[in-house]
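I opened this notebook to keep a record of what I looked up in the structure. The entries go from whole chains to single residues.

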Amino acid sequence: MIQTGRLSGFVLLIVLSVLILLVIQRSRKGKVPEIRKLAGLDAIEEAIGRCAEMGRPAHFSTGWGGLSTEWAQQTIAGLSVLSYTYRVAARYKVPVFYTCCWAHMLPLVYDLGRQAYLAEGRPEDFNPDNIRYVGDSQLALMGGAMGTIAREKVAANFLIGAFFFEAIQLAEEGFAAGAIQVGGTARLYQIPTLMATCDYVLIGEELFAAGAYVTRDPVQIGSIGGQDLGRLLAFILTVLAVLSVSLGSRALVDLLKI
Amino acid sequence: MSALRAREIPISLFAFAVILLILGYFTTIRPLITAADYLKSFGVLLALIAVFLGVTDVLRVHLKHIAKRTPRQWYLSAWLIVSMLMMFAFGYVHKPTYDVLYARLYIPLSIGVGASIGYYLYSAFYRAFRIRNAEAAILFACAIIVVLRNAPVGEVIWTGFSVMGQWITDVPGAGASRAILIGAALGMVALAIRAMLGKEQGYLGGE
């Protein structure tokens, strides 16, 4: 019934899902967990405000991950932040350029932008031409986004999603344009790059919490509380496994490999 | 709002796809595995079909620039459309010319863009390694040791760089990486649950 070697993973997934659903249920009843401030997300409004003051646009990229690869979750999280950024930009009347490198994302981003501007009561300010499709190649993304950042002299550069080696070039171009930069990815190899180049960075899980954080919806915040219980579970399992292996027993490690 | 644009449809499709892919991955039930494989292939196919949408979009945006004679843009748009149509045409009509254009023009330009990463890395890490506080000093020291471990000259200067560099990579480096990975995996599960419940709608333009 369950594939060999995947039983423990399946059980942990079920346990984690149940924990998250339980905390969501608690949140619905009013017991909303406290979550720490995420400077990277709080900085979005500041960055858009700076764009408005300087009369310059902003640039957003969700990276090369796309929606048809294993990195789709990070792109979805990036799109949630894009939606929030569009809303803030609509309030401040700041144009946001989005460099799109996957054609299958175009309808989604058009709709997302339209809905965000509509929600802020400014549908006429949404300009679909600011969503720039550059081709499905990673190098096209690099060239296209760098060109936009340099030519439009953006005052804010958001790099949030699944990034590969294009991250360094996009961020450095943003720095050269004098933009305030907010980065975010869960790809291990690119986290140091964004840390080195951006003013604010969402690291790993912070990226996935972004959608919930910006809405402040109790149910969504509850899921982050459930995530913390999962982290506690992972911590307990790690400590127990280290102790048992140190004491000469591999029983727990073998159990986790079932 | 029409039925086809209702939020519930994409959310239901998302939930169906996630559950099917999870079951296809974990279980040995053959029909579920086959259905999950079909779904993955369908996703790739859909993405490929969307390329036509991309071409249409490029034409729409850049023809508009040409028609409006947008300053400092219209001639670049014209060049882009000519290049694109030329590659299309040669790809179907005369493959050898297409191959020459691809190998002698596109590839060298791509390599040029890719190679500039080295310069950007140096300038970015120069700024990152300016010692402004204790954390930056620790980061700088670790980076120097790991660089000297990887560079052949490090071993010549002092053999200890190899041992220290290996330890930094294997112990604190691997520990921190795993912590980030576990956190990210938990975040992904929470995001998937929120999306399946229809609560996370930011990616659909909702709140």
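The entries below take the two chains in turn and then a few chosen residues.

**Entry 1. Status of the model**

I note at the outset that this is a predicted model.

**Entry 2. Chain A as a whole**

I looked up the secondary structure of chain A and found 10 helices and 6 strands. I then took the extent of its C-alpha trace, which spans about 65 × 45 × 35 Å along the principal axes. For burial, I recorded that 56% of the 258 residues of chain A count as buried. I also looked at how far apart in sequence the contacting residues of chain A lie. Among contacts between residues at least 6 apart, 70% join residues at least 24 apart. The accessible surface of chain A comes to about 10,500 Å², and carbon and sulfur atoms account for 61% of it. I closed the entry with the charges: chain A has 22 positive and 22 negative ones, and their mean positions are 6 Å apart.

**Entry 3. Chain B as a whole**

For chain B I found 7 helices and 0 strands. Read from the N terminus, the order of elements is α-α-α-α-α-α-α. I then asked how the radius of gyration of chain B stands against the globule rule. The radius is 26 Å, whereas the rule gives 17 Å for 207 residues, so chain B is more spread out than a compact globule. Its C-alpha atoms fill a box of roughly 65 × 50 × 35 Å, taken along the principal axes.

I recorded that 30% of the 207 residues of chain B count as buried. Of the contacts in chain B between residues at least 6 apart in sequence, 25% join residues at least 24 apart. Chain B exposes about 13,400 Å², with 74% of that area supplied by carbon and sulfur atoms. I noted 18 positive and 9 negative charges in chain B, with mean positions 10 Å apart.

**Entry 4. Domains of chain B**

I looked up the division of chain B and found domain 1 at 7-93, domain 2 at 95-128 and domain 3 at 132-198. I took the separation of domain 1 and domain 3 of chain B next, and their C-alpha centres lie 36 Å apart. The contact between them takes 5 residues from domain 1 and 4 residues from domain 3.

**Entry 5. A:L112**

I placed A:L112 in helix 4 of chain A, residues 106-119. Is A:L112 buried or exposed? Its relative accessible area is 0%, so A:L112 is buried. I then listed what it touches, leaving aside neighbours within four places in sequence. From chain A the contacts are A:L79, A:L82, A:S83 and A:Y86, and from chain B they are B:G202, B:Y203 and B:G205. I checked one of these partners further: A:Y86 is 26 residues from A:L112 in sequence and 8.7 Å from it in space, C-alpha to C-alpha.

**Entry 6. A:N157**

I found A:N157 in strand 4 of chain A. With a relative accessible area of 0%, A:N157 is buried. Beyond four places in sequence, A:N157 touches A:H59, A:I149, A:L170, A:A171, A:G174, A:A179, A:I180, A:Q181 and A:V182. I also took its distance to A:G78, which is 79 residues away in sequence and 13 Å away in space, C-alpha to C-alpha.

**Entry 7. B:S77**

I located B:S77 in helix 3 of chain B, residues 74-93. Its relative accessibility is 0%, and B:S77 therefore counts as buried. Residues up to four places away in sequence not being counted, B:S77 touches B:H62, B:H65 and B:I66.

**Entry 8. Two positive phi angles**

I went through the backbone angles with one expectation in mind. Most residues other than glycine have a negative phi.

A:K153 departs from this, with a positive phi of about 50 degrees although it is not a glycine. I placed A:K153 in the loop between helix 5 (138-152) and strand 4 (156-162) of chain A. At 52% relative accessibility, A:K153 counts as exposed, the cut-off being over 50%.

In chain B I noted B:R72, a residue other than glycine whose positive phi is near 60 degrees. B:R72 lies in the loop between helix 2 (30-68) and helix 3 of chain B. Its relative accessibility is 64%, so I entered B:R72 as exposed.

How values were computed
Residues numbered from 1 in each chain as written. Chains lettered and ligands numbered in written order. Predicted model: local features only at pLDDT ≥ 70, side-chain atom pairs only at ≥ 80, totals over all residues. Heavy atoms only, no water. Helix = DSSP H or I, 4+ residues; strand = E, 2+ residues; numbered from the N terminus. Rg over C-alpha atoms; globule rule 2.2 N^0.38 Å. Buried < 20%, exposed > 50% of the residue type's maximum accessible area, 1.4 Å probe, protein only. Contact = heavy atoms within 4.5 Å. Areas by Shrake-Rupley, 256 points an atom, 1.4 Å probe, with all protein chains shown as cover. Lys, Arg positive; Asp, Glu negative; His and termini not counted. Charge placed at Lys NZ, Arg CZ, Asp CG, Glu CD. Domains from an automatic or database assignment.
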